[in-house]
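Visitor: I am new to this structure and would like to study a single part of it closely. Please choose one strand and take me through its surroundings step by step.

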Amino acid sequence: MPRIEHIAVWTEDIERLAAFYATYFGAAVGAPYANPAKGFASRFLRFGDGARMELMRTATLSPQPSSPGAQRMGWTHVAFAVGSEEAVDALTERLRDAGHPVLDGPRRTGDGYYESVVLDPDGNRVEISA
């Protein structure tokens with residue numbers, strides 16, 4: 001049965017994003033990897049259920065930035081289930097208190113989810129659901 005092995009995110013600051021996901025979502029941060037010949041560096045994050053996220057930086061390509069929180073074609077957010085509505089409320093408030101933008105919620109959506117949407121330090125949308 002196929003499964004998603006990992007998702008990958010370009011960033012200008014691997015350590016900043018790694019710290020965000022470790023602090024707020026419990027990610028275990030893996031060892032840094034670098035390939036100087038290709039101008040590439042990365043770090044894998046592992047989450048409690050085994051899901052992984054690769055944070056990547058490049059000196060040879062030109063990933064195109066987008067506005068923080070932009071709704072764009074293609075991948076648009078990553079969602080984390082935190083187990084309960086109370087946990088959504090608590091984590092959303094913790095992120096807000098730390099100065100991270102909360103775009104929406106917490107709220108119940110039309111399709112029955114209880115969620116909020118915040119931005120990570122790079123402006124990527126992160127959905128927090130019960």
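Guide: What follows is a close look at one strand, its partners and its surroundings.

The model is predicted, so local features are described only where pLDDT is at least 70, side-chain atom pairs count only at pLDDT 80 or more, and totals for chains, interfaces and linings use all residues. Residues are numbered from 1 along each chain as its sequence is written, and side-chain values use heavy atoms, with hydrogens and water left out.

The strand I have chosen is β9 (125-129), where helices (H or I, at least four residues) and strands (E, at least two) are DSSP runs numbered from the N terminus. It belongs to an open sheet of four strands, arranged in the order β6-β9-β8-β7 with mixed pairing. The edges of this sheet are β6 and β7 (102-108), and because each has a single partner strand, one side of each is left without a neighbour in the sheet. From one strand to the next the twist averages 20°. Two strands are said to pair if DSSP finds at least two bridges between them, and strands of a sheet pair through backbone hydrogen bonds, either parallel or antiparallel.

Let us take the two partners of β9 in turn. With β8 (114-119), the strand β9 runs antiparallel, and five bridges join them. One of the bridge partners here is S129 of β9, which is matched with E115. In the hairpin of β8 and β9 there are five residues between the strands, and among them G123 takes a positive phi near 90°. As background, most residues other than glycine have a negative phi, and most peptide bonds are trans.

Turning to the other partner, β6 (77-81) and β9 pair in the parallel sense, again over five bridges. H77 has R125 as its bridge partner in β9, F80 has I128, and A81 has S129. A helix, α2 (85-97), also comes into the picture, for α2 packs on the sheet and touches β7, β8 and β9, its direction making about 165° with that of β7. Here axes are lines fitted to C-alpha atoms, for helices over the stretch in contact, and angles run from 0 to 180 degrees between N-to-C directions.

Next, consider how β9 is covered. Buried means under 20% relative accessible area, exposed over 50%, and partly exposed in between (1.4 Å probe, protein chains only). By this rule five of the five residues of β9 are buried, and both faces are covered, with R125, E127 and S129 on one side and V126 and I128 on the other. The partner strand β6, by contrast, has a covered face with V78 and F80 and an uncovered one with H77, A79 and A81.

One residue of β9 deserves a closer look, and that is I128. The relative accessible area of I128 is 0%, so this residue is buried. Leaving aside neighbours within four places in sequence, I128 is in contact (heavy atoms within 4.5 Å) with residues that include F25, F80, V88, L91, L95, Y114 and V118. Seen from the other side, F25 has contacts with F20, F47, F80, L91, V126 and I128, its neighbours within four places in sequence being left aside once more.

These contacts lead to the largest nonpolar core, a nonpolar core being a set of buried Ala, Val, Leu, Ile, Met, Phe, Trp, Tyr and Cys residues joined through side-chain atoms within 4.5 Å. This core has 24 residues, of which Y21, F25, L45, F47, M53, L55 and F80 touch the most other members. At least two residues each are supplied by α1 (14-25), β4 (40-46), β5 (52-58), β6, α2, β8 and β9, while the largest share, seven residues, comes from α1.

Finally, a detail elsewhere in the sheet may interest you. In the edge strand β7, where P106 has its place, a cis peptide bond joins G105 and P106, with an omega of about 5°.
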